[in-house]
Amino acid sequence: SMSDVVKGALVDIPENIHLIGPLEKVNTYDLMEIAALGLVYTTTTGLEMAMNGIPVIACGETHYRKRSFTLDPMSWDEYYALIEKALQDKKSPAKAQIETAWEYAYRFFFEYPLAFPWRLMHFWKDMEVSPMSRVLSDEGQKEFGRTFDYLAGEKINW
């Protein structure tokens with residue numbers, strides 16, 4: 001889990017930082033219920049918080065950054081100013097921003113995923129099931145052709 005990776009990388013974790021492992025009773029969704037503000041780097045948790053009306057400051061170049069439903073600082077000064085303002089204002093995002101987050105999530109989770117024959121973690125097993133000869137065949141092109149067209153630069157037609 002990422003909590004194990006962080007624990008392995010950091011010798012001393014500051015006492016104000018609490019890592020929540022995958023087997024603990026408290027989870028991300030429990031924290032979202034009590035959160036006044038979300039600070040995220042690239043996790044989809046930020047998207048889920050925005051969908052639930054929680055203001056989100058997105059720091060990393062995550063796929064949902066700059067989609068009008070997150071606060072996107074461009075500098076450390078702006079980051080700290082956004083945190084201060086969000087905590088002082090205690091305002092939920094506008095209804096239109098929440099709706100945009102829901103629409104984005106729908107596209108991301110249900111429309112955007114495209115069939116692809118191989119996975120990084122199981123590449124050689126996948127190559128046995130879908131060797132290049134199958135992927136390039138008529139059958140393979142029906143299944144994966146659209147994905148490869150997009151990877152080659154063709155615009156996605158939603």
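Q: How many salt bridges does a search of the whole structure find?
A: Keep in mind that this is a predicted model. One of the bridges joins the side chains of E61 and R65, and another pairs D89 with K85. Searching the whole structure, the total comes to six.

Q: In the salt bridge between E61 and R65, which residue is buried?
A: The side chains of these two meet at 3.5 Å, N to O. E61 has 63% relative accessibility, which is over the 50% cut-off, so E61 counts as exposed. The other partner has a relative accessible area of 6%, and under 20% means buried, so the residue is R65.

Q: About how many helical turns separate D89 and K85?
A: These two form a salt bridge, with their closest N and O atoms 2.6 Å apart. Both sit in helix α4, four residues apart. That spacing is why the separation is about one helical turn.

Q: Are D89 and K85 buried, partly exposed or exposed?
A: D89 has a relative accessibility of 35%, and K85 has 47%. The middle class runs between 20% and 50%. Both values fall in that range, so D89 and K85 count as partly exposed.

Q: Which residue is linked with R134 and E143 in a network of salt bridges?
A: Start with the pair: E143 bridges to R134, with the closest N and O atoms 2.7 Å apart. Both are partly exposed, E143 with a relative accessible area of 39% and R134 with 21%. The network also takes in E139.

Q: What kind of aromatic pair do F116 and W118 make?
A: A search of the whole structure turns up 13 aromatic pairs. In the pair of F116 and W118, the ring centres are 5.7 Å apart and the planes stand at 90°. Planes over 60 degrees apart are classed one way, so this pair is edge-to-face.

Q: Of F116 and W118, which one is buried?
A: F116 has 41% relative accessibility, so F116 counts as partly exposed. Its ring partner has 13%, which is under the 20% cut-off. The buried one is therefore W118.

Q: At what angle do the ring planes of F123 and W124 stand?
A: F123 counts as partly exposed at 30% relative accessibility, while W124 is exposed at 65%. Their ring centres are 4.9 Å apart, and the pair is edge-to-face. The angle between the planes is 80°.

Q: Which residues do ring pairs link into a cluster?
A: Ring pairs can do more than join two residues here: they tie several into one cluster. The members are Y64, F69, Y104, F108 and F109.

Q: Which residue does D126 touch along with P117 and R119, not counting residues up to four places away in sequence?
A: D126 lies in helix α6, residues 123-129. With a relative accessible area of 8%, D126 is under the 20% cut-off and so is buried. Besides P117 and R119, D126 touches W118.

Q: What is the approximate area of the nonpolar surface patch that includes I34?
A: I34 is in helix α2, residues 28-34, and is exposed at 71% relative accessible area. The patch is made by I34 together with I20, V26 and L31. Its area is about 350 Å².

Q: What is the approximate phi of K66?
A: K66 lies in the loop between β2 (56-58) and α4 (76-89), and is exposed at 52% relative accessible area. Most residues other than glycine have a negative phi. K66 is not a glycine, yet its phi is positive, at about 60°.

Q: Which residue in the loop between β2 and α4 has a phi near 85°?
A: This residue is not a glycine, and its phi is positive. Its relative accessible area is 46%, so this residue is partly exposed. The name is S68.

Q: Which residue's backbone oxygen does the side chain of Q97 reach?
A: Q97 lies in helix α5, residues 95-111, and is partly exposed at 28% relative accessible area. Leaving aside neighbours within four places in sequence, Q97 is in contact with S68 and F69. The side chain of Q97 makes its approach at 3.2 Å, and the backbone oxygen belongs to S68.

Q: How far apart in space are Q97 and R67, C-alpha to C-alpha?
A: In sequence, Q97 and R67 are 30 residues apart. In space, C-alpha to C-alpha, the distance is 9.1 Å.

Terms used:
Residues numbered from 1 in each chain as written. Predicted model: local features only at pLDDT ≥ 70, side-chain atom pairs only at ≥ 80, totals over all residues. Heavy atoms only, no water. Helix = DSSP H or I, 4+ residues; strand = E, 2+ residues; numbered from the N terminus. Buried < 20%, exposed > 50% of the residue type's maximum accessible area, 1.4 Å probe, protein only. Contact = heavy atoms within 4.5 Å. Polar contact = N/O pair within 3.5 Å; in protein donor to acceptor, adjacent residues only side chain to side chain. Phe/Tyr/Trp six-rings, centres within 6.5 Å; stacked < 30°, edge-to-face > 60°. Patch = residues over 30% accessible without salt bridge, like charges linked within 9 Å, V, L, I, M, F, W, Y side chains within 5 Å. Areas by Shrake-Rupley, 256 points an atom, 1.4 Å probe, with all protein chains shown as cover. Salt bridge = Lys/Arg side-chain N within 4 Å of Asp/Glu carboxyl O.
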